[in-house]
Amino acid sequence: ISLGDLWEWDGRTWTLRTSRTPLPPRHRHQLAYDEARSRLVVVGGRNQNTYPNTEVWEWDGVGWAMHTSPIAAESSDFFAMAYDVARRRIALFGGLWLRFTGGIWEWDGVSWQERFRTSTPPFRNGQAAAYDEARARVVMFGGLGDYGWRDDLWEWDGSGWQEIARRPSAWPSASERHSMAYDARRQRTVLFGGCGTLGDGGETW
């Protein structure tokens with residue numbers, strides 16, 4: 001069953017929030033916080049009947065509002081998304097709906113712009129991304145590609161992608177559906193979990 005409830009954590013307790021315009025239930029969506037506009041942005045996902053949607057919803061702390069500029073249908077679930085603080089854009093890559101997608105999309109709060117570059121990472125879905133504030137890069141790892149799970153690491157600087165060379169002695173396992181977040185105090189991107197070559201993962205990198 002897909003859910004549509006919103007909870008907030010203050011470090012001690014959870015609080016259920018309500019809105020006159022509720023967010024329709026969904027799963028496989030992505031969420032990011034737009035610091036410049038003080039909005040929580042929810043993109044895509046699938047509804048209770050497992051049909052993909054291309055909606056963009058924003059939470060301002062009081063209520064939800066839906067935008068009229070959708071993303072491309074083929075990028076509506078299992079994509080990676082992160083907020084680029086320096087450029088004030090939400091960057092979205094990949095996803096699964098009918099086909100693997102390799103384009104990157106950027107949301108400025110009004111509309112989406114599709115961006116392509118010659119060094120675009122191979123098609124995939126189920127990857128994760130986080131924004132490295134210290135180096136102003138969107139960091140993306142792994143996912144499921146045409147030939148299985150991936151363990152490649154890429155960075156997006158707003159104008160192009162760069163693949164980071166593997167370090168065989170210390171490198172996360174190839175996986176999908178893991179989670180990533182940026183630890184600003186320690187200036188580290190943290191990766192946890194996923195499923196892939198080693199089964200259901202419990203690794204923290």
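A residue is called buried when its relative accessible area is under 20%, exposed when it is over 50%, and partly exposed in between, with a 1.4 Å probe and protein chains only. By that rule R28 is partly exposed, because its relative accessible area is 35%. The model is a predicted one, in which local features need pLDDT of at least 70 and side-chain atom pairs count only at pLDDT 80 or more, while totals for chains, interfaces and linings use all residues. Residues are numbered from 1 along each chain as its sequence is written, and side-chain values use heavy atoms, with hydrogens and water left out.

To follow R28 further, some words for the elements are needed: helices (H or I, at least four residues) and strands (E, at least two) are DSSP runs, numbered from the N terminus. R28 sits in the loop between β2 (14-17) and β3 (30-34), and its phi is near 65°, a positive value in a residue other than glycine. The loop between β2 and β3 also holds P24, which is partly exposed, with a relative accessible area of 30%. Although P24 and L3 are 21 residues apart in sequence, their C-alpha atoms are 7.9 Å apart in space. If contact is taken as heavy atoms within 4.5 Å, and residues up to four places away in sequence are not counted, P24 touches G4, E55 and W57.

The next topic is the pairing of strands. Strands of a sheet pair through backbone hydrogen bonds, either parallel or antiparallel; here two strands count as paired if DSSP finds at least two bridges between them. Strands β3 and β4 run antiparallel and are joined by five bridges, and L31 has V42 in β4 as its bridge partner. Their hairpin has four residues between the strands, and in it S38 takes a positive phi near 50°, although S38 is not a glycine. With a relative accessible area of 40%, S38 is partly exposed.

A second hairpin is made by β5 (residues 56-59) and β6 (residues 64-67), which pair in the antiparallel sense over four bridges, with V56 standing opposite H67 in β6. This hairpin of β5 and β6 likewise has four residues between the strands, and G61 takes a positive phi near 100° there. Strand β5 also contains W59, which is buried, with a relative accessible area of 4%. Between W59 and L40, which are 19 residues apart along the chain, the C-alpha separation is 4.9 Å. Not counting residues up to four places away in sequence, W59 touches several residues, among them L6, R17, S38, L40 and W64.

Further along the chain, four strands form an open sheet in the order β7-β8-β11-β12, with antiparallel pairing. Its edge strands are β7 (80-84) and β12 (112-115), each of which pairs on one side only. The twist averages 25° from one strand to the next, where axes are lines fitted to C-alpha atoms, for helices over the stretch in contact, and angles run from 0 to 180 degrees between N-to-C directions. Within this sheet, β8 (residues 89-93) is joined to β11 (residues 104-107) by four bridges, and A91 stands opposite E106 in β11.

The interior can now be considered. In soluble globular proteins, nonpolar side chains tend to be buried together. A nonpolar core is a set of buried Ala, Val, Leu, Ile, Met, Phe, Trp, Tyr and Cys residues joined through side-chain atoms within 4.5 Å. The largest such core has 13 residues, of which V43, M81, I90, L92 and W112 touch the most other members. To this core β4, β7, β8 and β11 each supply at least two residues. A second, separate core of twelve residues includes A80, A91, F93 and A129. Leaving aside neighbours within four places in sequence, V43 is in contact with residues including H29, E55, I71, M81, L92 and W112.

Where, finally, is there empty space, and which residues line the largest cavity? On a 1 Å grid over the protein atoms alone, a cavity is a set of points where a 1.4 Å probe fits but cannot get out, and lining residues have an atom within 4 Å of a point. Grid points are joined across faces, edges and corners, and a volume is the space filled by probe spheres set on the points. The structure holds one cavity of 30 Å³ or more, and the space in the largest cavity is about 30 Å³. Its lining consists of A80, M81, A91, L92, F93, I104, A129, V138, M140 and W161. The elements giving two or more residues to this lining are β7, β8 and β14 (137-145), and the largest share, three residues, comes from β8.

Notes. 1 Å grid on protein atoms, 1.4 Å probe; cavity = no way out; pocket = protein on both sides within 12 Å on 5 of 7 lines; lining within 4 Å.
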